[in-house]
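Hi everyone, thanks for making time for this one. Please have a look at the sequence and the structure on the screen, and then I'll walk you through what I picked out.

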Amino acid sequence: MSPKNRLPTEQNANKSLHPLNVALPYFKVLLASDEYRKYCIAKIAEDHVGVAKLRTRYPNLQIIWDFWGDIYSFDRRLDEIKYFRQWFMLNYFKFHKISFKDVQVVWAGEKIVAKEGIVYCTVPRKMDKNTAARLYKSTRKELISVANKAVGDYVLKLNKNPSFSIKKANQFERELDVIYWRRFRGLSSVQVVSMAYRKRKPAWDEFRLTVKKCAIDAGVTRLKDLDRETMNSAVRHIDRLNQKGQKIIYALLNDEFSFPEDASPY
């Protein structure tokens, strides 16, 4: 496996992000977006008025649609990773690099058999193609360099790789989990408390230990046996995370999405 295609390891994770490391949190946020869900419904139904209204508010929706398409039509009984896999199996080609090797000048309206790996530059018929080719020769390398991008680069924003503290990274993970559970899975805040309590990853350690301590102090072993005050406190914490998570969704819709490079989406 070439270095470009190698999945990140602990040693190289901070140096570069594999596209899938970006796609996973992006996908999860997008599933939680009510705005994108409405846009998908409008696009599938060919509701041009509905599409136009949503795009007026969030111009980036069409760009997102061009890459992701309908992400809500898979079996919701699947767990998070298997759900993403269903989409990925149909769209894996979008993560391939487009490789261009040459530039060719053609006349407007000219019938050609387009070849793979060629950038075609169209000029008016009244212009001599050889002259145009010589003009493009000076910028040939720049044109090829611009064209040689992974398709996902334009949507996934791989250039955005901000530095987050561990505390902020854990906060991001909690917000991401909560908006997914609440907004896509449709779970209640009480159900999310249970999900978060069972979630075995560092971002939820403090929450789990706090709830567990309350259970021990109360002499109970099951969450449903916790007193109302303790459960209400946990629910309020989940609700705050849900509200803060909305900012992540808006950032994605407005093409300002960023995330901790070491954050675990699942």
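Let me begin with a quick one for the room: is Glu46 buried or exposed? Glu46 is exposed, because its relative accessible area is 59%. You'll find Glu46 in the loop between H2 and helix H3, which covers 48–57. Its backbone is worth a look too: phi is positive, at about 55 degrees, although Glu46 is not a glycine. Please keep in mind throughout that this is a predicted model.

There is another residue with that kind of backbone. Asp255 has a positive phi of about 60 degrees, and Asp255 is not a glycine either. Asp255 sits in the segment after H12, and with 32% relative accessibility it counts as partly exposed.

Now the overall picture. The protein has twelve helices and two strands. Reading from the N terminus, the order is α-α-α-α-α-β-β-α-α-α-α-α-α-α. There are 266 residues, and 40% of them count as buried. If you take the contacts with a separation of 6 or more, 64% are between residues 24 or more positions apart. The accessible surface of the protein is about 16400 Å², with 53% of that belonging to carbon and sulfur atoms.

Let's go to the salt bridges. How many does a search of the whole structure find? The answer is twelve. The pair I'd like you to look at is Lys28 with Asp177, where the closest N and O atoms are 2.8 Å apart. Lys28 belongs to helix H1, residues 19–31, and Asp177 to helix H9, so this salt bridge ties together parts that are 149 residues apart in sequence. How buried are these two? Lys28 has a relative accessible area of 0%, so it is buried, and Asp177 is buried with a value of 0% as well.

Next comes Glu173, which forms a salt bridge with Lys201, at 3.3 Å between the closest N and O atoms. Glu173 lies in helix H9, while Lys201 lies in the loop between helix H10 (189–198) and helix H11 (205–218), so here the parts tied together are 28 residues apart in sequence. Glu173 and Lys201 are both buried. And these pairs belong to a bigger picture: Lys28, Glu80, Glu173, Asp177, Lys199 and Lys201 are linked in a network of salt bridges.

For a contrast, turn to helix H11. Lys213 and Asp217 meet there in a salt bridge, 3.0 Å from N to O. They are four residues apart in helix H11, so about one helical turn separates them. Lys213 and Asp217 are both exposed, whereas Glu173 and Lys201 are buried.

Back to helix H9, residues 166–184, for Arg174. What does Arg174 lack, given that it is buried? It has no salt bridge: the nearest side chain of opposite charge is Glu206, at 5.6 Å, and the cut-off for a salt bridge is 4 Å. Beyond its sequence neighbours up to four places away, Arg174 touches Ala203, Trp204 and Leu241.

Out on the surface, we have a patch of positive charge, where Arg236, Arg240, Lys244 and Lys247 gather. Lys244 is in helix H12, residues 228–253, and it counts as partly exposed because its relative accessibility is 43%.

Two nonpolar spots before I stop. Val105 is in strand S1, residues 102–107, and it is buried, with a relative accessible area of 10%. Which residues does Val105 contact, leaving aside neighbours within four places in sequence? They are Cys121, Val123, Lys129, Ala132, Ala133 and Tyr136. Take Ala133 from that list: it is 28 residues from Val105 in sequence, and the C-alpha atoms are 5.9 Å apart.

Then there is Ala42, in helix H2, residues 34–44. Ala42 is buried, at 5% relative accessible area. Not counting residues up to four places away, it touches Asp47, Gly50 and Val51. A little further along the chain, Leu54 is twelve residues from Ala42, with 9.2 Å between the C-alpha atoms.

That's my tour, and I'm happy to take questions.

Definitions and conventions:
Residues are numbered from 1 along each chain as its sequence is written. This is a predicted model: local features need pLDDT of at least 70, side-chain atom pairs count only at pLDDT 80 or more; totals for chains, interfaces and linings use all residues. Side-chain values use heavy atoms; hydrogens and water are left out. Patches are made of residues with over 30% relative accessible area and no salt bridge: like charges are joined within 9 Å, nonpolar side chains (Val, Leu, Ile, Met, Phe, Trp, Tyr) within 5 Å. Accessible areas come from the Shrake-Rupley method with a 1.4 Å probe; for residues, only the protein chains shown count as cover. Lys and Arg count as positive and Asp and Glu as negative; His and the chain ends are not counted. The place of a charge is taken as NZ of Lys, CZ of Arg, CG of Asp or CD of Glu. Buried means under 20% relative accessible area, exposed over 50%, partly exposed in between (1.4 Å probe, protein chains only). Contact means heavy atoms within 4.5 Å.
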